[in-house]
Amino acid sequence: NNPSSAGSSINIFNSFDNLLHTDTQAFLSIYIFPYLSVLYLFFLFIPVYRYIKNYRYVKFIKTHGLGKPAVDWKLFVQKNALYAGIKRPVKVFISTLINSPVTIGFLKPMILLPAAAVCRLSIEQTEAILLHELAHIKRNDYFINLIIQFIKAILFYNPFVKMFVKTIEREREQSCDELV
């Protein structure tokens with residue numbers, strides 16, 4: 001019933017809690033965090049390696065296995081790029097190294113069409129593909145994709161980042177389809 005003794009017992013518990021908290025922090029900072037940091041850096045190497053590998057592959061397909069498309073396609077792309085408000089010159093090539101149409105390059109955009117698909121597509125289908133790829137250029141999707149892939153590499157452990165990236169990719173494709 002003595003108020004002064006109750007206050008001292010509370011102080012003892014607070015001191016014990018602070019001591020426990022300090023010991024826990026010291027334990028974590030000395031024994032756990034260094035190992036977790038090394039583990040994170042070890043697992044970070046894998047997505048960064050993939051990022052660099054993909055970047056090198058894009059550089060490779062930009063210069064190898066390219067063929068010139070029909071002049072009609074070049075004119076179609078130039079005309080529609082101006083109509084869409086794309087100020088950068090857009091190049092079109094046929095590539096033997098890819099399986100689906102791809103747009104690469106931010107400063108110097110390039111549309112690559114697969115050689116196998118070009119032979120089997122009608123003119124309307126090829127024009128729709130070219131318009132779809134021009135929509136990606138108009139929306140700066142290549143630059144946004146670089147940023148997203150970098151974030152995905154850094155936050156590789158977060159499942160919500162993976163879901164977010166899939167959602168962004170799906171919405172990007174749907175948006176370009178709607179623009180076409």
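This report looks at a helix pair and a cavity in a predicted model.

**Two helices that cross**

Let's start with helix α4, which covers residues 123-138, and helix α6, which covers residues 159-179. Their axes come within 8 Å of each other, and the crossing angle is roughly 120 degrees. Because angles of 65 to 115 degrees count as roughly perpendicular and those over 145 as roughly antiparallel, α4 is oblique to α6. The crossing of the two helices is right-handed.

Which residues make the contact? On the α4 side they are H132, A135 and H136, while α6 brings in R172, E173, C176, D177 and L179. Sorted by class, this contact of α4 with α6 holds three nonpolar, two polar and three charged residues.

**A cavity in the model**

Now for the empty space. The count comes to one cavity of 30 Å³ or more. About 40 Å³ of space lies in the largest cavity. Its lining is formed by R88, G105, F106, P109, H136, I137, N140, D141 and Y142. Two elements give two or more residues to this lining, namely α4 and α5, the latter spanning 141-154. You may recognise H136: this residue takes part in the contact of α4 with α6, and H136 also lines the largest cavity.

Here are the two sets of residues by class:

| Set | Nonpolar | Polar | Charged |
|---|---|---|---|
| Contact of α4 with α6 | three residues | two residues | three residues |
| Lining of the largest cavity | four residues | three residues | two residues |

Conventions
Residues are numbered from 1 along each chain as its sequence is written. This is a predicted model: local features need pLDDT of at least 70, side-chain atom pairs count only at pLDDT 80 or more; totals for chains, interfaces and linings use all residues. Side-chain values use heavy atoms; hydrogens and water are left out. Axes are lines fitted to C-alpha atoms, for helices over the stretch in contact, and angles run from 0 to 180 degrees between N-to-C directions. Helices (H or I, at least four residues) and strands (E, at least two) are DSSP runs, numbered from the N terminus. Angles under 35 degrees count as roughly parallel, over 145 as roughly antiparallel, 65 to 115 as roughly perpendicular and the rest as oblique. A crossing is left-handed if the near helix is turned anticlockwise from the far one by less than a right angle, and right-handed if clockwise. Contact means heavy atoms within 4.5 Å. Ala, Val, Leu, Ile, Met, Phe, Trp, Tyr, Cys and Pro count as nonpolar, Asp, Glu, Lys and Arg as charged, and the others, Gly among them, as polar. On a 1 Å grid over the protein atoms alone, a cavity is a set of points where a 1.4 Å probe fits but cannot get out, and a pocket is an open set with protein on both sides within 12 Å along at least five of seven lines; lining residues have an atom within 4 Å of a point. Grid points are joined across faces, edges and corners, and a volume is the space filled by probe spheres set on the points.
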